[in-house]
Amino acid sequence: MTSDTVVAERFEPHRTELTGYCYRMLGSAFEAEDAVQETLVRAWRGFGSFEGRASVRTWLYRIATNVCLDMVKGTQRRARPMDLTNNWSGGSIPDALPEATWIGPAPDDRMLPESGDPAELAAHRDSVRLAFVAVLQALPPRQRAVLILREVLAFPASEVAELLDTTVASVNSALQRARATMAERDDAEPVKPLDDVQRDLLARYLTAFEQYDLASLTALLRQDAIMSMPPLPLWLSGRADILDWLRGPGSECQGSRLIPASANGSAAFGQYRPSPGGGHAPWALQIIETNGDSITAWHSFLDTERLFPLFGLPARLD
């Protein structure tokens, strides 16, 4: 069996779920893809010595876990703007921080299953929302791995112990500590499947944003909605502050066009601003979090040079 055949037949069916796992571990879609590629290379090289005591899937997760643990050694944990700074209340706009500072967005189609039990699909979507991934980064790496493997992927404690070369008692202890941290820090609302109310909300958002109708746009925001703009280390809290931003620095977004996408279990849009030379140029990947008939969070990621190709969005609109 050739190397290409091994990868295609034995490993490729697991690529999507491995990418989701590595994304939760690392907080970056780009690092997750690198980690999965390294996992598959190590698996191919070691396939001749694979003894079959565990399934190929479990074996791949063992390799992926080791790759991720190696990658996070000595690195600064990724975060969101609201994890690092007070909410912005005016004044000069701070300089952008390096990409490695931030939790990045990830496309749903690269890390989430396309079909399956509705309850399991909802749990997977909930486990990649930005707030959840941010709290995961606050956990020690091995606790992080235990929580994801046990709570998200439903691995038995015995398999997790084997993956991590430890005991079931240690796994259970780590899981208990990780659960306590998650309960204390993760206060965001779960992601819910889109229903007709939310679809209508997103349609109204798209129209209001493209028309830059600020009255209609801010009426869609919940009173305590938040807005963030990585890599800028600032965030806004509350409808009034967001409106002030849209009237001020954000006014350059007038005339934008939006292209639907999906990211982190939520609705998303590629935003294109008018270009001086004509047409529209990429400006931000927006992630729009909703609850019922209101928008609760609006995250604009400005690194379009890397993100738009990742999400399959056009390089520009004519």
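**A tour from the sheet to the loops**

Start by selecting I287: standing opposite it in β6 is H299. You are looking at a predicted model, in which local features need pLDDT of at least 70 and side-chain atom pairs count only at pLDDT 80 or more, while totals for chains, interfaces and linings use all residues. Residues are numbered from 1 along each chain as its sequence is written, and side-chain values use heavy atoms, with hydrogens and water left out.

**Stop 1: the sheet**

Now select residues 280-291, strand β5, together with residues 294-301, strand β6 (strands are DSSP runs of E with at least two residues, helices runs of H or I with at least four, both numbered from the N terminus). These two strands run antiparallel and are joined by seven bridges; two strands pair if DSSP finds at least two bridges between them.

How many strands form the open sheet, and in what order? There are six, and they follow the order β2-β1-β6-β5-β4-β3 with mixed pairing. Select 235-237 (β2) and 257-263 (β3) to find the edges: each of these strands has a single partner, so one side of each is left without a neighbour in the sheet. Turn the view, and you can follow a twist that averages 20° from one strand to the next.

Add residues 196-211, helix α12, to your selection. This helix packs on the sheet, where it touches β3, β4 (266-274), β5 and β6. The direction of α12 makes about 145° with that of β5 (axes are lines fitted to C-alpha atoms, for helices over the stretch in contact, and angles run from 0 to 180 degrees between N-to-C directions).

**Stop 2: two helices that cross**

Move on to residues 141-152, helix α9, and residues 168-185, helix α11. They pack at an angle of about 90°, and their axes are 9 Å apart. To see the contact (heavy atoms within 4.5 Å), show Q143, V146, L147, R150 and E151 from α9. On the α11 side, show V171, A174, L175, R177, A178, R179 and M182.

**Stop 3: buried residues among the helices**

Next, select R80, in the loop between α4 (56-72) and α5 (81-84). Is R80 buried or exposed? It is buried, with a relative accessible area of 19% (buried means under 20%, exposed over 50%, partly exposed in between, using a 1.4 Å probe and protein chains only). Leaving aside neighbours within four places in sequence, R80 is in contact with W102, I103, L130, A131 and A134.

Then go to residues 118-126, helix α7. Which residues of α7 are buried? They are H124, R125 and D126. Show α2 (15-26), α8 (130-138) and α9 as well, since these are included in what covers the buried residues of α7.

**Stop 4: unusual backbone spots**

Most residues other than glycine have a negative phi, and most peptide bonds are trans. Here are some exceptions to look for.

Select P230 and P231: the peptide bond from P230 to P231 is cis, and its omega is near 15°. You will find P231 in the loop between β1 (221-228) and β2.

A154 is not a glycine, yet its phi is positive, at about 60°. Look for A154 in the loop between α9 and α10 (157-163), where it counts as exposed at 58% relative accessibility.

Finish at N264, in the loop between β3 and β4. This residue, also not a glycine, has a positive phi near 50°. N264 counts as buried, at 1% relative accessibility.
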